[in-house]
Amino acid sequence: MNIGIVCYPTFGGSGVVATELAKGLANRGHNLHIISYAQPARLDSFRTDITYHEVDLSTYPLFEFPPYDLALANMMVNLIQFANLDILHVHYAIPHATSAYLAKQILNSKASKVPVITTLHGTDITLIGSDPTYKQVVDFSINQSDGVTAVSEYLKNETYRLFDIEKEIRVIPNFIDLERFKKSKKEHFKKAICPEGEKIVTHVSNFREVKRVTDVVEAFSKILSNGVPAKLLMVGDGPERPKAEQKCRSLGICNHVRFLGKQEQVEEVLSISDLFMIPSGSETFGLAALEAMSCSVPIVSSNIGGLPEVNIHGETGFLCELGDIECLGNCATKILSDENLHAKMAAGARRRAEFFEMDKVVTVYEEYYGEIQSAM
Ligand code: GMT
């Protein structure tokens, strides 16, 4: 099949799922076309079966806000016609599902029957999508898609709760490459960061407000005051980083915390981590947690959104109520100071990650494409 995949190019989240799905589908002999406004972070090597199409935004003095949605729709029209797309799969509802609707309308007279599938990832529903500024457009665009998927049961239910959706939403979870994300020996790296054999606590995100990065720093401070020698690795970058750095300074723990910025090979950092902390205020699935679990790292997370579908309390780590720093710090302390519990949870985390193995989930997407095609 010729498959078009539209996504945001960013590190993390929907862009990673979309790009890894494209690679997985290409490995099965399909021809992939990835459409975005910049090269996706995970599209890192040349392949003849994946073509990247960058949406060009012509500027004009009148356009304070160049109309990306229109340029994207135009690109979709071209690819449907000239790359003979069999499926157009858009990741993130805004504005991708709307541009796809427009592209189909433009091609209607040419009797194009290319199914449009929209995958809902998170903030397109939980934060931005339900904002009255966009809600009616998002409602309409989801209902006009031929197939709709969501990355967790939680997101499916939230979408039905927040929008007027008539379509059936299929849950297809995030997935993981178990070969890439596995614990590997990086002892020299660990020794350099923890010369005294301290434990390593890691957080990975885009440092947006929703990730509550200052909670990570506060909970880490609790681990130290509980008497566990430890270092905190903060991976990623974003608007809340200065606040997190300031929090380290005000707590006087800067010499225990390293801000590593964006990292391409996050699995290397996870390989030396003893615990992963993700205290988000909203998280529809938590791909970052799954990546850590796949590297046999136990999780301490907030008990919100799709996180309890990924992190199983008492088996792969612990869940704490939102903003409960005491709980985050004490649960982390418990895992880090009990070798048997740590080993049990590390094995449980890897086992749980196996449930989301990439090949299995790519097959589910492939079958879903077939189902939607035959329903057209
Ligand atoms: O988490 C982010 O900030 C990125 C965001 C996105 O939309 O790109 O991620 C969302 O989609 C991921 C992939 O499906 C999920 O694993 C994340 O949980 C979800 N993020 C939120 O809900 C905040």
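**Strands, helices and one disulfide**

Hi everyone, let's start with a pairing: β1 and strand β4, residues 87-91, run parallel to each other and are joined by 4 bridges. Before I go on, please keep in mind that this is a predicted model.

Within that pairing, I3 has I87 as its bridge partner in β4. β1 also pairs with strand β2, residues 31-36, again in parallel, through 5 bridges. There the partner of I3 is L32.

So how many residues of β1 are buried? The strand covers residues 2-6, and 5 of its 5 residues are buried. In a regular strand, side chains alternate between the two faces of the sheet. Here both faces are covered: N2, G4 and V6 are buried on one side, and I3 and I5 are buried on the other.

Now let's move along the chain to another sheet. This one is open, has 6 strands paired in parallel, and follows the order β10-β9-β8-β11-β12-β13. Which strands stand at its edges? They are β10, residues 257-261, and β13, residues 317-320; each has a single partner strand, so one side of each lacks a neighbour in the sheet. On average, and ignoring direction, neighbouring strands here are turned by 20 degrees against each other.

Inside this sheet, strand β8 (residues 199-204) and strand β9 (residues 230-235) are parallel and share 6 bridges. One of the residue pairs is V204 with its partner V235 in β9. Helix α9, residues 241-251, packs on the sheet and touches β9 and β10, with its direction at about 165 degrees to that of β10. Then there is helix α13, residues 325-336, which lies across β8, β11, β12 and β13 and runs at about 170 degrees to β13.

That brings me to the cysteines. The structure holds 1 disulfide. Which cysteines form it? The pair is C320 and C327, with sulfur atoms 2.1 Å apart. The angle about the S-S bond is -75 degrees, making this a left-handed link. C320 counts as buried because its relative accessibility is 1%, and C327 also counts as buried, at 18%.

Why is there no bond between C248 and C254? C254 holds the cysteine sulfur closest to that of C248, but the distance is 4.9 Å, which is too far for a bond. C248 counts as buried at 1% relative accessibility. Back in the early part of the chain, C7 counts as buried at 1% as well.

That's my tour, and thanks for listening!

Conventions: Residues numbered from 1 in each chain as written. Predicted model: local features only at pLDDT ≥ 70, side-chain atom pairs only at ≥ 80, totals over all residues. Heavy atoms only, no water. Pairing = 2+ DSSP bridges. Helix = DSSP H or I, 4+ residues; strand = E, 2+ residues; numbered from the N terminus. Axes fitted to C-alpha atoms, helices over the stretch in contact; angles between N-to-C directions. Contact = heavy atoms within 4.5 Å. Buried < 20%, exposed > 50% of the residue type's maximum accessible area, 1.4 Å probe, protein only. Disulfide = S-S within 2.5 Å.
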